[in-house]
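Here's a quick tour for anyone opening this structure for the first time. Have the sequence and the 3D view side by side as you read.

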Amino acid sequence: MSFDPDSGPRSAAPVIVVGGGQSGLAAARALRELRMPAVILEASDRPAGSWPRYYDSLRLFSPVGYSSMPGMPFPGAPDRYPGRDDVADYLEQYAARLDAEIQTNTRVQTILRDGRAFIVCTDGGRALRASGIVAASGSFANPNRPSFPGQEAFTGELSHVADYRNPAPYAGQRVIVVGAGDSAAQVTNELAPVATVTVATHHPMRFIPQRLGGQDIHYWLRETGFDTLPAEWLSKITGGSVLTDSVGFKQTLADGRVDRRPMFTALDGTQVVWSDGQREPADAIILATGYRPSLDYLRELGALHPDGAPIHVRGISATHVGLVYLGLEHQRSFSSNTLRGVSADARAVIPPLVAWIRAAPAKVGLGGRDQADRRPNDWQAQTHDRAA
């Protein structure tokens with residue numbers, strides 16, 4: 001491929017932040033604090049990330065008092081749970097106060113290496129030079145859609161919660177919601193008054209109480225230090241996924257207004273086949289099965305596993321010097337991809353990125369190759385040799 005990157009000296013190239021949601025804005029603030037020029041490229045028409053595209057009734061799982069980003073309190077009473085539009089508006093106002101360069105309606109198609117720099121190619125045909133890359137594009141554009149035996153012949157609606165907006169289309173229907181997380185609980189709770197609903201999960205649902213000892217659970221997540229526990233420990237501590245019961249879903253289950261069943265094993269025409277062999281008709285199946293990082297623009301660069309997952313260590317690329325990530329689930333902690341947690345991750349990954357751009361290795365006498373990522377095992381080999 002041939003490109004004609006925007007002109008300008010290499011030293012003047014900004015950091016390009018891919019994504020203008022909460023992660024991209026946190027990156028921009030951290031870069032500004034280090035006086036590093038940055039440009040945010042946002043695919044949508046406003047710097048609010050995926051929030052405007054979520055379902056109508058979505059509410060944050062944390063109250064206002066625990067949902068602010070640095071430098072701008074979230075408006076409203078501390079115990080209020082902001083809705084989808086509240087969060088989108090807050091992020092847009094936060095972006096305006098940052099005074100960052102944000103180019104909306106700009107989707108990144110691919111990123112290539114050019115010596116120490118990167119070339120960012122947009123779907124509009126532009127090629128922008130960058131001294132570093134912050135991949136902060138979230139995951140909403142890449143819903144995880146598991147497949148099921150017989151799904152090709154299933155006559156009901158099979159959709160992802162990314163496509164769900166409100167319960168009106170499901171009134172009077174038999175609906176199966178698949179998933180054991182917060183979105184599954186919120187959507188199932190909302191459907192319960194108008195439809196016959198079952199939530200199907202591989203394991204029993206595990207709840208964190210919304211209030212504990214007279215305080216919202218997020219008080220305890222902060223005060224006990226739980227929010228700082230490293231991601232590597234979380235699965236050992238929690239034993240799997242847990243959800244905060246922000247809508248009273250546990251009580252909805254207890255009241256019998258919905259039920260939970262082990263995951264169905266197949267689909268057959270109009271029916272679902274449950275694990276005990278029973279069959280029953282279903283009008284709709286909604287997959288609340290999460291999302292995967294939306295990072296296809298890094299595939300040509302060679303920064304991803306074959307399944308599209310980033311190759312990184314706590315948000316620092318393990319394949320390319322000068323590339324960092326923000327907004328990955330459990331990137332560093334339980335709160336990594338949340339309003340309250342993403343800025344802490346930004347403060348962890350942005351300083352080393354800036355140190356690389358400002359040639360810290362050369363300034364301490366190590367020099368540096370233009371293609372420093374071509375031989376990723378050099379450091380491991382050198383430390384092994386010294387230990388031998």
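Let's start with Asp 99, which counts as exposed because its relative accessibility is 71%, above the 50% cut-off for that label. Keep in mind that this is a predicted model. From Asp 99 we'll move on to other loop residues, then to helices and strands.

**Loop residues to look up**

- Asp 99 sits in the loop that runs between α2 and β3 (101-103).
- Although Asp 99 is not a glycine, its phi is positive, at about 55°.
- Arg 314 also has a positive phi of about 55° without being a glycine, and you'll find Arg 314 in the loop between β20 and β21 (316-317).
- Arg 314 is partly exposed, with a relative accessible area of 29%.
- Arg 299 belongs to the loop between β19 and β20 (312-313), and Arg 299 is partly exposed too, with a relative accessible area of 41%.
- Which residues does Arg 299 touch, not counting residues up to four places away in sequence? They are Leu 304, His 305, Pro 306 and Gly 308.
- Arg 299 and Leu 112 are 187 residues apart along the chain, yet their C-alpha atoms are separated by 9.6 Å.

**Two helices side by side: α1 and α2**

- Helix α1 covers residues 22-33 and helix α2 covers residues 84-98; their axes come within 11 Å and cross at roughly 20°.
- Angles under 35 degrees count as roughly parallel, so α1 and α2 are roughly parallel to each other.
- The crossing of α1 past α2 is left-handed.
- On the α1 side, the meeting residues are Gln 22, Leu 25, Ala 28, Arg 29 and Arg 32; on the α2 side, they are Leu 91, Tyr 94, Ala 95, Arg 97 and Leu 98.
- Sorted by type, the residues of this α1 and α2 contact come to six nonpolar, one polar and three charged.

**A mostly covered helix, and a residue in α6**

- Helix α3 (residues 182-191) is mostly covered, with eight of its 10 residues buried.
- The buried residues of α3 are Asp 182, Ala 184, Ala 185, Gln 186, Val 187, Thr 188, Asn 189 and Leu 191.
- What covers the buried residues of α3? The cover includes the strands β9, β10 (196-201), β14 (243-244) and β19, along with helix α6 (249-254).
- Thr 252 is part of helix α6.
- Is Thr 252 buried or exposed? Thr 252 is buried, because its relative accessible area is 1%, and the label applies under 20%.
- Setting aside neighbours within four places in sequence, Thr 252 is in contact with Asn 189, Ala 192, Arg 257 and Val 258.

**Strand β19 and its partners**

- Strand β19 takes in residues 284-287; Ala 284 and Ile 286 point one way, Ile 285 and Leu 287 point the other way, and all are buried.
- Strand β8 (residues 157-160) runs parallel to β19, and four bridges join them.
- If you look at His 160, its bridge partner in β19 is Leu 287.
- Strand β9 (residues 174-178) is likewise parallel to β19 and joined to it by four bridges.
- Opposite Val 175, in β19, stands Ala 284.

**Two open sheets of three strands**

- One open sheet has its three strands in the order β4-β5-β6, with antiparallel pairing.
- β4 (108-114) and β6 (127-130) each have a single partner strand and stand at the edges, so one side of each is left without a neighbour in the sheet.
- On average, neighbouring strands in this β4-β5-β6 sheet are turned by 25° against each other, direction ignored.
- Strand β5 (residues 117-122) pairs with β6 over four bridges in the antiparallel sense, and the bridge partner of Cys 121 in β6 is Ala 127.
- Another open sheet has three strands in the order β16-β17-β18, and its pairing is antiparallel.
- Here β16 (266-268) and β18 (279-281) are the edge strands, each with a single partner strand, so one side of each is left without a neighbour in the sheet.
- Neighbouring strands of the β16-β17-β18 sheet are turned by 30° against each other on average, direction ignored.
- Strand β17 (residues 271-273) and β18 pair over three bridges in the antiparallel sense, and Gln 271 has Pro 281 as its bridge partner in β18.

Note on methods: Residues numbered from 1 in each chain as written. Predicted model: local features only at pLDDT ≥ 70, side-chain atom pairs only at ≥ 80, totals over all residues. Heavy atoms only, no water. Buried < 20%, exposed > 50% of the residue type's maximum accessible area, 1.4 Å probe, protein only. Pairing = 2+ DSSP bridges. Axes fitted to C-alpha atoms, helices over the stretch in contact; angles between N-to-C directions. Parallel < 35°, antiparallel > 145°, perpendicular 65-115°, else oblique. Left-handed = near helix turned anticlockwise from the far one by under 90°. Contact = heavy atoms within 4.5 Å. Nonpolar A, V, L, I, M, F, W, Y, C, P; charged D, E, K, R; others polar.
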